Amino acid sequence: MEKPLLEFKRFGRKTHLMIQKIAKERGIEFMAGPQGQVLHFVNHREDCGKMTFIKDIEQELGITKSVASNLMKRMVKNSLIYLEVSETDKRAKIIRLTPESKERMNKIRDFFDEMDRSILNGVSERELLIFSQVMTKFYQNIESLENGGKDV
């Protein structure tokens with residue numbers, strides 16, 4: 001492979017289009033916008049046993065308090081989340097997924113697990129290890145470029 005950047009671009013585009021097509025066929029929304037990012041973030045934190053506050057969303061998405069507040073209002077209106085007042089700080093609001101959002105997130109997780117299995121079909125453990133090592137080196141080289149050519 002002489003031109004890895006071109007190959008990455010082709011692979012990324014083909015993968016993206018395939019995932020969109022299959023997700024649409026199965027009626028699963030592709031959650032790429034800010035509401036989807038919030039759902040993924042809150043779902044992950046819930047899986048880890050962590051509570052999520054609006055300030056966590058501000059930090060995760062790099063948005064202001066007012067933008068986060070408006071986003072939360074839209075998501076509550078869309079029945080994606082509900083807000084719960086913290087017992088320790090009445091000003092703080094804990095973000096909780098609605099049962100519908102939890103079900104949606106489980107379907108999306110199952111879908112991506114299936115896509116991962118499909119992509120790995122026929123790939124040996126050894127090949128996967130080599131791929132991982134090469135990708136690590138690529139990441140290191142990209143980080144070096146970001147740092148002006150200096151190794152990190």
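Helix 4 is followed by S79, whose phi is positive, near 60 degrees. Helices here are DSSP runs of H or I with at least four residues, strands are runs of E with at least two, and both are numbered from the N terminus. The model is a predicted one, in which local features need pLDDT of at least 70, side-chain atom pairs count only at pLDDT 80 or more, and totals for chains, interfaces and linings use all residues. Residues are numbered from 1 along each chain as its sequence is written, and side-chain values use heavy atoms, with hydrogens and water left out.

Helix 4 covers residues 65-77. At 1.5 Å a residue, its 13 residues should span 18 Å (1.5 Å times one less than the number of residues), and the end C-alpha atoms are 18 Å apart, which agrees.

Its buried residues (under 20% relative accessible area, 1.4 Å probe, protein chains only) are A68, L71, M72 and M75. Seen down the axis of helix 4, they fall within an arc of 100 degrees, taken from the directions from the axis to the C-beta atoms, so they line one face. An α-helix has 3.6 residues a turn, so residues three or four places apart point the same way. On the face turned away from the buried side of helix 4 are K73 and K77, both exposed (over 50%).

The buried residues of helix 4 pack against helix 2 (34-47), helix 3 (54-61), strand 1 (81-85) and strand 2 (93-97).

Definitions and conventions: Contact means heavy atoms within 4.5 Å.
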